[in-house]
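Reader: I'm new to this one. Can you put it up and walk me through it?

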Protein chains: 2
Amino acid sequence: MSREAAKPVFQPAVLTEEDVCRRVRDSVLEQRLAPGTRLTEDKLCTVFGVNRTVVRRAFLLLSRDKIVHLEKNKGAVVATPTPEEADEVFEARRVVESALITQAATRATPADFEGLRTHLKTEKAALAEADIARWIRLTGEFHILLARLGGNAPMLAFLEQLVFQTSLIIALYGKAGAPSNCRGDDHERLVTALEQGRPEDAIRLLTDHLNSIEAGLDFVPRDDTQDLHQIFAASAG
Amino acid sequence: MSREAAKPVFQPAVLTEEDVCRRVRDSVLEQRLAPGTRLTEDKLCTVFGVNRTVVRRAFLLLSRDKIVHLEKNKGAVVATPTPEEADEVFEARRVVESALITQAATRATPADFEGLRTHLKTEKAALAEADIARWIRLTGEFHILLARLGGNAPMLAFLEQLVFQTSLIIALYGKAGAPSNCRGDDHERLVTALEQGRPEDAIRLLTDHLNSIEAGLDFVPRDDTQDLHQIFAASAG
DNA sequence: TGATATTAAATTGTTGACAATCTTGTGCGC
DNA sequence: GCGCACAAGATTGTCAACAATTTAATATCA
């Protein structure tokens, strides 16, 4: 947070806790909010121009989705999933997202595919403009957009939660060189497979896609405190 | 609520919002709390001996899990899933619970199976004692206990949510005569299949089980207000 | 009687003050 | 300098009063 903290932008209507949640989630998705970041109530109050109550409610909802971690008297911290949790998130995504895509294969209309194609173009545009934050968010939203075609609200909500957690996991454990994010043509081929009536191929593409993301992770031991010792011991010289 | 409202039972420690959530969820699972029941803050405050803040937080969490429905200035009402939502819940259960059982098949230890057998005995005992409320709760908890063996926390949490919603759905649409609840031997055979290393059979038993529950539902139109008219018109004579 | 407007009660929403707790900084003794 | 007790500040937790809204009850009139 090196920029000026709390420039009170004009807010026509008062934001609700859902708005605050969405803003936080979007920031997580754009990787502008790093795992482990401390979120003080006061700060968010001034940033969003809302009451402490609203921020508190937002924290509670976000903690339920494992996006922030709440600890009594300690406040809210952006969640830092463990490697084990990361593994479980990917496993859950393989299960739920496959099921939703299977459903989507039989339900998607031409208009739906058009929407997906439009999204893919937006992705490419963001990448071409080197608007990386936006591109990262869009690649995440692609999966949600695709899953929405499955027509199952509970699973969709669950998958959204998992996508946000994936963003945290990549931020934590993503190797710098590795293709930790979605490659553009992966999405393209997935849509094509669906559109051409090859759902099995689509599912295989998806699982490969998820597996390659997971393979691009590097679970270095980051044990909070002990980590700092190692880091500073190495940087001392 | 015909019984005396607020006999303040001695509470050693102050309950937290999670406690209140659990109590409400348990009541839903035991079908002691009917869908559509209005939950006033004041009432729950006196019942649980907690502050309004705690009840409010509990409501927020429960609303996230679709167990209660919150409406601005209207308060909390026990959720009444629509037939479409019910369908989606069963679909989600088939997907997630199958996956968890598949995982459980490769992970469950003899001690785990012993735990399941013990639970089955408890179920039978409750049924023998004609403690129906407890039996209903136990049959629901069986699915959660089984799913826990899958070793995937996010999916487990999601399934728990779905199980509670299933309880609401059965309460709403369960035919009186139909076997809307889990039959005891279904559970027994499921455990046996798993224990004997036949996971495919276990999954088939589960899906059949869920399908039979769903088939035992009767989605009569219950349009809130209009329903009352019909009801009283019929009972007037 | 039945429908509608008005008032009273009940319920929820919001706010701010205060208490409890944690964190940081300071000073003291060694 | 190091370790530790202590105090000051910052942050979160709790609560109760007040405001806003909904719901129920009552009165009024056709």
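Author: Let's start at B:Leu206, which sits in helix 9 (residues 199-215) of chain B. Keep in mind that this is a predicted model.

Reader: Is B:Leu206 buried or exposed?

Author: Buried. The relative accessible area of B:Leu206 is 0%.

Reader: What does B:Leu206 touch, not counting residues up to four places away in sequence?

Author: B:Leu206 touches B:Glu97, B:Ser98, B:Ile101, B:His143 and B:Leu190. Take B:Glu97: in sequence, B:Leu206 and B:Glu97 are 109 residues apart. In space, their C-alpha atoms are 8.1 Å apart.

Reader: Okay, switching to chain A. Where is A:His187?

Author: In helix 8 (residues 184-195) of chain A. A:His187 is buried, at 0% relative accessible area.

Reader: Which side chain does A:His187 join in a polar contact?

Author: The side chain of A:Glu123, at 3.2 Å. There is also A:His209, 22 residues from A:His187 in sequence. The two C-alpha atoms lie 8.8 Å apart.

Reader: And A:Arg137, buried or exposed?

Author: Buried, with a relative accessible area of 18%. The cut-off for buried is under 20%, so a value of 18% falls on the buried side. A:Arg137 belongs to helix 6 (residues 132-148) of chain A.

Reader: What is A:Arg137 in contact with, leaving aside neighbours within four places in sequence?

Author: A:Asp26, A:Leu29 and A:Glu30.

Reader: Let's do the two chains together. How many residues of each are in contact?

Author: 22 residues of chain B contact 23 residues of chain A. Three residues stand out on the chain B side: B:Leu60, B:Arg64 and B:Glu88. They supply 30% of the area that chain B buries against chain A, more than any other three residues.

Reader: What area do chain B and chain A bury between them?

Author: About 2000 Å², with 63% of it on carbon and sulfur atoms.

Reader: How many residue pairs are in polar contact across the interface?

Author: 8 pairs, with both residues at pLDDT 80 or more.

Reader: Which helices of chain B each supply at least two residues of the side that touches chain A?

Author: Helix 1 (17-29), helix 3 (52-64), helix 4 (83-107) and helix 7 (153-173) of chain B. Helix 4 of chain B gives the largest share, 7 residues.

Reader: How do the residues on that side of chain B divide into nonpolar, polar and charged?

Author: 11 are nonpolar, 3 are polar and 8 are charged.

Reader: How is chain B related to chain A?

Author: A turn of 180 degrees and a shift of 0.0 Å along the axis lay chain B on chain A, with an RMSD of 0.0 Å. That is the relation of a two-fold axis. The same surface serves both copies, and 100% of the contact residues of chain B recur in chain A.

Reader: Salt bridges next. How many are there over all chains?

Author: The count comes to 42 over all chains. Across the interface of chain B and chain A there are 2.

Reader: Why would side chains pair like that?

Author: In general, side chains of opposite charge can pair when their charged atoms come close.

Reader: Which side chain does B:Asp65 meet in a salt bridge?

Author: B:Asp65 meets A:Arg64, at 2.7 Å from N to O. The pair crosses between chains: B:Asp65 is in the loop between helix 3 and strand 2 (68-71) of chain B, and A:Arg64 is in helix 3 (residues 52-64) of chain A. B:Asp65 counts as buried, at 5% relative accessibility. A:Arg64 is partly exposed, at 32%.

Reader: And what does A:Asp65 meet?

Author: B:Arg64, in a salt bridge of 2.9 Å, N to O.

Reader: Now one inside chain A. Where do A:Glu97 and A:Arg93 sit?

Author: Both are in helix 4 (residues 83-107) of chain A, 4 residues apart, so about one helical turn separates them. Their side chains meet in a salt bridge, at 3.1 Å from N to O. A:Glu97 and A:Arg93 are both buried.

Reader: Last one. What does B:Glu41 form a salt bridge with?

Author: B:Arg56, with the closest N and O atoms 2.8 Å apart. This pair links distant parts of the chain, from B:Glu41 in helix 2 (residues 41-48) of chain B to B:Arg56 in helix 3 of chain B, 15 residues apart. B:Arg56 is partly exposed, at 40% relative accessible area.

Reader: Which residues do shared salt-bridge partners join into one network?

Author: A:Glu18, A:Arg25, A:Asp65 and B:Arg64.

Key. Residues numbered from 1 in each chain as written. Chains lettered and ligands numbered in written order. Predicted model: local features only at pLDDT ≥ 70, side-chain atom pairs only at ≥ 80, totals over all residues. Heavy atoms only, no water. Contact = heavy atoms within 4.5 Å. Buried area = accessible area lost by both parts, 1.4 Å probe. Salt bridge = Lys/Arg side-chain N within 4 Å of Asp/Glu carboxyl O. Polar contact = N/O pair within 3.5 Å; in protein donor to acceptor, adjacent residues only side chain to side chain. Nonpolar A, V, L, I, M, F, W, Y, C, P; charged D, E, K, R; others polar. Buried < 20%, exposed > 50% of the residue type's maximum accessible area, 1.4 Å probe, protein only. Least-squares fit on C-alpha atoms with pLDDT ≥ 70 in both.
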